[in-house]
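Please open the model in a viewer and keep the selection panel at hand. The tour below proceeds by selections, each followed by a description of what is found there.

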Amino acid sequence: MKKISKITINEKWCKSCEICVYFCPKSVYDMGRFYPVIARPEDCIACKLCEKLCPDFAITVTPPDIAESIKK
Amino acid sequence: MDYLYYLREEKMPHIWCDGCGHGIILKSILRVIDKLGWEKDDIAMVSGIGCSSRTPGYVDFNTLHTTHGRAIAFATGLKIVKPNLHIIIVSGDGDATAIGGNHFIHAARRNTDLTVIIYNNYIYGMTGGQASPTTPIGKKASTAPYGNPDAPFDISRLAQAAGAAYVARSTVYHVGKTDRYIEQAFLKRGFSVVEIMTPCPTSYGRRNKEGNGVDMIMFQKKNSVGIERAQKMSEEELQGKIITGVFVDKEQNNYLQRYKEVIDKAKQINQ
């Protein structure tokens, strides 16, 4: 099974600017009613572009290997 | 890395509008500080007034929020008294080149060992969208409702001409480049300027029909030209383009060294 990176969105800090939705190279996000929705987490390649471009410090991407080790 | 370690969490979320790029630049600064392994107490962040100058309020370093345009003057004093501090000045385009224009060019001329990060969004965002010295010709602002008649400053070229030791320009879309330039600027012993183009969807984009933050960052992505390629292009082709890259990177005597020489000389004469 393909390992999936862990993406978290802090909705208290998100201002719905949609930068993550438009600039994700793999189109992982869809825009929801108010906040972005992680629609295709299995496509994520953990490039962290969304994390770097999020102006509100709201997105955290944990690459699959680190996410696995935290789970254990 | 953990951004929250460097932030004052009780102050978050920040006041910047949705689509504003200031947060992206702040993240770049924090990433570079994390990479260089600087202690939080060894850093002083100094700012003037404006949207960009709110940055020190959110970071957990030694911070100084000073009067409009005078951030570089305060920082020079700080550097002379405490030469071991890593001093980062964050400033907007209006703050650095209009109200603080003289401080900026003279600090570059003296080559004080400071790093200035200029958030250039073409407008005075916080005070209500007045035209700044970098607003392009013909663009609308609240003080120029029929289009701005003044020719804009090119901040990087200005710093280059004034004698800065390191000058680079990047955009918020090019985060990798921004990180690299900020790192080089931090490590430079001398006056270093990093100009970062950032969108202001609320005061500039809306008035000039340039769309929201996403559209403006997309514009930066499509209209940025590297400095090597720009040298081969004609004046017409460069119309409306953003030239990015390292403009100056040179070694020269900085102000602290020269100031120390003056002190030593004065001591010898007065003995």
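**Stop 1: the interface.** Select both chains of this predicted model. Contacts link 13 residues of chain A with 16 residues of chain B. On the chain A side of this interface, α1 (19-23) and α2 each supply at least two residues. The chain A residues that touch chain B comprise 7 nonpolar, 1 polar and 5 charged.

**Stop 2: two backbone positions in chain A.** Next, select A:E18. This residue is in the loop between β1 (6-9) and α1 of chain A. Its phi is positive, about 70°, although A:E18 is not a glycine. Most residues other than glycine have a negative phi. Is A:E18 buried or partly exposed? With 17 other C-beta atoms within 10 Å, A:E18 is partly exposed.

Then move to A:A46, in the loop between β3 (36-38) and α2 of chain A. A:A46 is not a glycine either, and it has a positive phi of about 55°. A:A46 counts as partly exposed, with 18 C-beta neighbours inside 10 Å.

**Stop 3: chain B as a whole.** Now display chain B alone. How many helices and strands are there in chain B? Chain B holds 10 helices and 10 strands. Its radius of gyration is 19 Å, close to the 18 Å that the globule rule gives for 271 residues, so chain B is as compact as a globular protein of that length. Along the principal axes, the C-alpha trace of chain B spans about 65 × 45 × 35 Å. Of the 271 residues of chain B, 46% count as buried. Among the contacts in chain B with a separation of 6 or more, 67% are between residues 24 or more positions apart.

**Stop 4: a cis peptide bond.** Select B:M12 and B:P13, which are joined by a cis peptide bond with omega about -5°. B:P13 is in the segment before α1 of chain B. Most peptide bonds are trans.

**Stop 5: helix α1 of chain B.** Select residues 22-36 of chain B, which form helix α1. This helix has 15 residues and reaches 21 Å from its first C-alpha to its last, close to the 21 Å expected at 1.5 Å a residue. α1(B) is mostly covered, with 11 of its 15 residues buried. Among the buried residues are B:H22, B:G23, B:K27 and B:S28, as well as B:I24, B:I25, B:I29 and B:I33.

What covers the buried residues of α1(B)? The covering elements include α2 (49-53) of chain A. From chain B, they include the strands β1 (43-47), β3 (86-92), β4 (115-120) and β8 (192-197), together with helix α6 (175-187). After α1(B) comes B:G37, whose phi is positive, near 70°.

**Stop 6: the nonpolar cores.** Keep α1(B) displayed and add B:I29, B:I89 and B:I117. Of the 70 residues in the largest nonpolar core, these three touch the most other members. α1(B) gives the most to this core, with 7 residues. Centre the view on B:I117 and show what it touches, not counting residues up to four places away in sequence: B:I25, B:I29, B:I88, B:I89, B:V90, B:I182, B:V194 and B:I196. A second, separate core has 10 residues and includes B:W16, B:C20, B:C51 and B:Y204.

**Stop 7: helix α6 of chain B.** Select α6(B), which has 13 residues. From its first C-alpha to its last, α6(B) reaches 18 Å, close to the 18 Å expected at 1.5 Å a residue. Colour its buried residues: B:V175, B:K177, B:T178, B:Y181, B:I182, B:A185 and B:F186. They cover an arc of only 165° around the axis, which puts them on the same side of α6(B).

**Stop 8: an exposed loop residue.** Finally, select B:Q252, in the loop between β10 (242-249) and α10 (255-269) of chain B. B:Q252 is exposed, with 12 other C-beta atoms within 10 Å. Which residues does B:Q252 touch, not counting residues up to four places away in sequence? They are B:N111, B:A165 and B:G190. For a last distance, add B:N223: B:Q252 and B:N223 are 29 residues apart in sequence and 33 Å apart in space, C-alpha to C-alpha.

Technical notes: Residues numbered from 1 in each chain as written. Chains lettered and ligands numbered in written order. Predicted model: local features only at pLDDT ≥ 70, side-chain atom pairs only at ≥ 80, totals over all residues. Helix = DSSP H or I, 4+ residues; strand = E, 2+ residues; numbered from the N terminus. Expected span 1.5 Å × (residues − 1). Buried ≥ 20, exposed ≤ 12 C-beta atoms within 10 Å, placed from the backbone. Contact = placed C-beta atoms within 7 Å. Arc of directions from axis to C-beta. Nonpolar A, V, L, I, M, F, W, Y, C, P; charged D, E, K, R; others polar. Core = buried A, V, L, I, M, F, W, Y, C linked by C-beta atoms within 7 Å. Rg over C-alpha atoms; globule rule 2.2 N^0.38 Å.
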